[in-house]
Amino acid sequence: MAAWLADAVTWVHLGWVGFLVLGAIPGWRWPWVRWAHLAGLAFAAWIVLGGRLCPLTLLEHSLRNPGGPARPAETFFGRLAEQVVYAPLPRSWVLVGYLAVVGVSLVVYACAWRRRGAA
């Protein structure tokens, strides 16, 4: 059961990453999404720039093997999600990608703000 819960946490983690990457799209229209997205980006910056582990990563690892090293996912879908969430990328690529997401999001939000102000 714990393995299935760990897989579910990995899928939630994948959804979180997707929201961080694509959250500016719904944020363009709905200000409450914009604020949630910006808060999420700030939290991700705290994690990435501080060299910390995401709480979802810690939860998943504790479910996979309590008190020991993390094991890989046991289901096909769990392994699939892990390959995306924990892609073996150099830290510099992760930072550049993160900065690109933040930059694009800020441009989208600035355009949305100007559009709303002009209306």
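This passage describes how helix 1 packs against helix 4 and helix 5 in a predicted model, and then turns to aromatic residues.

Local features in this predicted model need pLDDT of at least 70, side-chain atom pairs count only at pLDDT 80 or more, and totals for chains, interfaces and linings use all residues. Residues are numbered from 1 along each chain as its sequence is written, and side-chain values use heavy atoms, with hydrogens and water left out.

Two packed helices are described by the angle between their axes and the distance between the axes. Axes are lines fitted to C-alpha atoms, for helices over the stretch in contact, and angles run from 0 to 180 degrees between N-to-C directions. Helices (H or I, at least four residues) are DSSP runs, numbered from the N terminus.

Helix 1 (residues 2-22) packs against helix 4 (residues 55-64) at an angle of about 165°, and their axes are 8 Å apart. The two helices are therefore roughly antiparallel to each other (angles over 145 degrees; under 35 is roughly parallel, 65 to 115 roughly perpendicular and the rest oblique). Their crossing is left-handed, that is, the near helix is turned anticlockwise from the far one by less than a right angle. In the contact (heavy atoms within 4.5 Å), helix 1 contributes residues including Leu5, Val9, Val12 and Trp16, and helix 4 residues including Leu56, Leu59 and Leu63. By class, the contact of helix 1 with helix 4 has ten nonpolar, three polar and three charged residues (Ala, Val, Leu, Ile, Met, Phe, Trp, Tyr, Cys and Pro count as nonpolar, Asp, Glu, Lys and Arg as charged, and the others, Gly among them, as polar).

Helix 1 also packs against helix 5 (residues 76-85), at an angle of about 40° with axes 9 Å apart. That makes helix 1 oblique to helix 5. The crossing of this pair is likewise left-handed. Among the residues in contact are Trp11 and Leu14 of helix 1 and Phe77, Leu80 and Val84 of helix 5. The contact of helix 1 with helix 5 comprises seven nonpolar, three polar and two charged residues.

The structure holds two aromatic pairs (ring centres of Phe, Tyr and Trp, its six-membered ring, within 6.5 Å; planes under 30 degrees apart are stacked, over 60 edge-to-face and the rest tilted). Tryptophan 16 and phenylalanine 19 form a tilted pair, 6.0 Å centre to centre with 40° between the planes. These residues are three apart in helix 1 and so are separated by about one helical turn. Tryptophan 16, at 27% relative accessibility, is partly exposed (buried is under 20% relative accessible area, exposed over 50%, partly exposed in between, with a 1.4 Å probe and protein chains only). Phenylalanine 19 is partly exposed, at 25%.
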